[in-house]
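Please look over the sequence and the coordinates below before reading on. The paragraphs that come after them are meant to be followed with the model open alongside.

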Amino acid sequence: LTALQEAYGPGIAVADASLAVAVCVDVPDYESRSGFRDGTWMEDGAAAMQNLLLAARALGLEGVWLQVANRSPREERITPILRLPDGVRVLAVAVLGRCAAGKARTGADESRVHRGPGSWIKG
């Protein structure tokens, strides 16, 4: 976690987390099996990351998604830490843990939600 913190940089307390989970994709294998060579691996990896974060929340954990793929120099710094084989790329890292008392988020920040005319979102 400390090495990930140093590689990611300031802003997120990775080193203080309980756990970090990297979502990685063997891109050549993915492209060979799927026939897609258009970056679709990122969409499937993103779906996996979202499901991981939803499951963590259901277990009472807080989490944050740290994008890695195509974020230079972050990707170049984090990949060697995970000692991945050639062709395997890190899409993102989920940093998970329990929030300090009173710090957990309970919903959307209403000041950042826009509801236009005729919006189907009620609130």
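What follows goes from the overall layout to the sheet, then to the cores, and finally to a few individual residues.

The structure is a predicted model, and the values given here are computed from it. The chain contains four helices and three strands, and read along the sequence these elements follow the pattern α-β-α-α-β-α-β. Of the 123 residues in the chain, 27% are buried. The chain exposes about 8,300 Å², of which carbon and sulfur atoms supply 53%. Among contacts between residues at least 6 apart in sequence, 69% join residues that are at least 24 apart.

The three strands form an open sheet in the order β1-β3-β2, with antiparallel pairing. Because β1 and β2 (62-67) stand at the edges and each has a single partner strand, one side of each is left without a neighbour in the sheet. From one strand to the next, the twist averages 20 degrees. Eight bridges join β1 to β3, and within this antiparallel pair Leu-19 stands opposite Leu-96 in β3, while Ala-22 stands opposite Val-93 in β3. On the other pairing, six bridges join β2 to β3, again running antiparallel, and here Gln-67 stands opposite Ala-92 in β3. In a regular strand the side chains alternate between the two faces of the sheet. How much of β3 is covered? This strand is mostly covered, with nine of its ten residues buried.

Two helices can be placed against this sheet. Helix α3 lies across β1, β2 and β3, running at about 15 degrees to β3, whereas α2 packs on the sheet by touching β1 and β3, its direction making about 50 degrees with that of β1. Both ends of α2 have local features that can be picked out in the model. At the start of α2, a side-chain oxygen of Asp-26 reaches to within 3.2 Å of the backbone nitrogen of Asp-29, and just after α2, Gly-35 takes a positive phi of about 85 degrees.

The elements of the sheet and the helices packed on it come together again in the nonpolar interior. The largest nonpolar core has 13 residues, and those that touch the most other members are Val-25, Trp-41, Met-49, Leu-53, Leu-91, Ala-94 and Leu-96. At least two residues of this core are supplied by each of β1 (19-26), α2 (27-34), α3 (40-58) and β3 (88-97). A second, separate core is made of eleven residues, including Ala-7, Ala-17, Val-68 and Ile-78. Returning to Trp-41, and leaving aside its neighbours within four places in sequence, this residue is in contact with Val-25, Val-27, Tyr-30, Ala-69, Arg-89 and Leu-91.

Arg-89 leads on to a polar residue in another part of the chain. Glu-75 is found in helix α4 (residues 74-82). Why does Glu-75 count as buried? The reason is that its relative accessible area is 12%, which lies under the 20% limit that defines a buried residue. A polar contact of 2.8 Å joins the side chains of Glu-75 and Arg-89. Not counting residues up to four places away in sequence, Glu-75 touches Val-68, Ala-69, Asn-70, Pro-80, Arg-89 and Val-90; Val-68 in this list is also a member of the second core, and Ala-69 is also a contact of Trp-41.

Another polar residue can be examined in a similar way towards the start of the chain. Gln-5 has its place in helix α1 (residues 2-8), and because its relative accessibility is 18%, Gln-5 counts as buried. A polar atom of the Gln-5 side chain lies 3.1 Å from the backbone nitrogen of Ala-15. Beyond residues up to four places away in sequence, Gln-5 touches Pro-10, Ile-12, Ala-13, Val-14 and Ala-15. One of these, Ala-13, lies in the loop between α1 and β1. With a relative accessible area of 44%, Ala-13 is partly exposed. Ala-13 and Thr-2 are eleven residues apart in sequence, and their C-alpha atoms are 9.5 Å apart in space.

Note on methods: Residues numbered from 1 in each chain as written. Predicted model: local features only at pLDDT ≥ 70, side-chain atom pairs only at ≥ 80, totals over all residues. Heavy atoms only, no water. Core = buried A, V, L, I, M, F, W, Y, C linked by side-chain atoms within 4.5 Å. Buried < 20%, exposed > 50% of the residue type's maximum accessible area, 1.4 Å probe, protein only. Contact = heavy atoms within 4.5 Å. Polar contact = N/O pair within 3.5 Å; in protein donor to acceptor, adjacent residues only side chain to side chain. Areas by Shrake-Rupley, 256 points an atom, 1.4 Å probe, with all protein chains shown as cover. Pairing = 2+ DSSP bridges. Axes fitted to C-alpha atoms, helices over the stretch in contact; angles between N-to-C directions.
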